[in-house]
Amino acid sequence: MGRPGIDFPGLGVGLVILRDARILLYKRMRPPEAGYWNIVGGKVDHMEPAETAARREAEEETGLTIGRIERLGMTEQIIEADRQHWISILYLARDVDGEPQLTEPDKLSDFGWFPLTDLPEPLSAFTKAAIAALSPAERG
């Protein structure tokens, strides 16, 4: 059948989590863009609504309880270095409970809350697109 993002374009989701004018980012250990700071997200499973996938992926990756989310937009990422192609729906969450954790240490190596005006490097193309989709007021 093939692998999404590798054998054919994959459908993904990403969730920008904001708290106190800071964004939650995790450092990826696997392609695409291993070693890059990224918002939480992942692939949409067959027959799974994208909004449900965004909430599921975020809760799995962070341990947070995700409340209301809103759609930010879409992005398409063709990552030549990793030979991956993803079309992703981006969401925004401000309503989150708990403290983030490193729940998938085989996939993610570090995390933190960062001011949008002082972001770590390198940032994934996916994260740059998600931040660009935020309103100017939220970007500071």
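A salt bridge is a side-chain nitrogen of Lys or Arg within 4 Å of a carboxyl oxygen of Asp or Glu. The exercises below apply this and similar rules to a predicted model.

**Exercise 1.** Decide whether the side chains of Glu80 and Arg83 meet in a salt bridge, and state whether the two residues are buried or exposed.

*Solution.* Step 1: the N to O distance between the side chains of Glu80 and Arg83 is 3.0 Å. Step 2: the cut-off is 4 Å, and Glu80 and Arg83 do meet in a salt bridge. Step 3: both Glu80 and Arg83 are exposed.

**Exercise 2.** Find how many salt bridges the rule gives, then place the bridge between Arg19 and Glu99 in the chain.

*Solution.* Step 1: the count comes to 13 salt bridges. Step 2: in one of these, the side chains of Arg19 and Glu99 meet at 3.4 Å, N to O. Step 3: Arg19 belongs to strand β1, while Glu99 sits in the loop between β8 (96–97) and β9. The two residues are 80 residues apart, and the pair links distant parts of the chain. Step 4: Glu99 has 53% relative accessibility and therefore counts as exposed.

**Exercise 3.** Describe the salt bridge between Arg56 and Glu60, and name the network to which these residues belong.

*Solution.* Step 1: the closest N and O atoms of Arg56 and Glu60 are 3.5 Å apart. Step 2: both residues lie in helix α1 (residues 50–62); because they are 4 residues apart, about one helical turn separates them. Step 3: Arg56 is partly exposed at 22% relative accessibility, and Glu60 is partly exposed at 36%. Step 4: a network of salt bridges links Arg56 and Glu60 with Lys43, Asp45, Glu48 and Glu57.

**Exercise 4.** Count the aromatic pairs and classify each by its geometry.

*Solution.* Step 1: the count comes to 2 aromatic pairs. Step 2: Tyr26 and Phe111 have ring centres 5.1 Å apart and planes at 20°. Planes under 30 degrees apart count as stacked, and the pair of Tyr26 and Phe111 is stacked. Step 3: Tyr26 is in strand β2 (residues 22–28) and Phe111 in strand β9 (residues 108–115), so the pair ties together parts 85 residues apart in sequence. Tyr26 is buried at 1% relative accessibility, whereas Phe111 is partly exposed at 28%. Step 4: Trp37 and Phe114 form an edge-to-face pair, with 5.2 Å centre to centre and 70° between the planes. Step 5: Trp37 lies in strand β3 (residues 37–38) and Phe114 in strand β9, so this pair ties together parts that are 77 residues apart in sequence. Both Trp37 and Phe114 are buried.

**Exercise 5.** List the buried residues of helix α2, show why they are on the same side of α2, and name elements that cover them.

*Solution.* Step 1: in helix α2 (residues 125–133), the buried residues are Phe126, Thr127, Ala130 and Ile131. Step 2: they cover an arc of only 130° around the axis, and therefore lie on the same side of α2. Step 3: their cover includes the strands β1 (10–19), β2, β3, β6 (69–79) and β7, together with α3 (136–139).

**Exercise 6.** Identify the residues that make the nonpolar surface patch of about 260 Å², and locate Ile87.

*Solution.* Step 1: the patch is made by Leu11, Met74 and Ile87. Step 2: Ile87 is found in strand β7 (residues 84–93). Step 3: Ile87 has 30% relative accessibility and so counts as partly exposed.

Key. Residues numbered from 1 in each chain as written. Heavy atoms only, no water. Patch = residues over 30% accessible without salt bridge, like charges linked within 9 Å, V, L, I, M, F, W, Y side chains within 5 Å. Areas by Shrake-Rupley, 256 points an atom, 1.4 Å probe, with all protein chains shown as cover. Buried < 20%, exposed > 50% of the residue type's maximum accessible area, 1.4 Å probe, protein only. Phe/Tyr/Trp six-rings, centres within 6.5 Å; stacked < 30°, edge-to-face > 60°. Arc of directions from axis to C-beta. Contact = heavy atoms within 4.5 Å.
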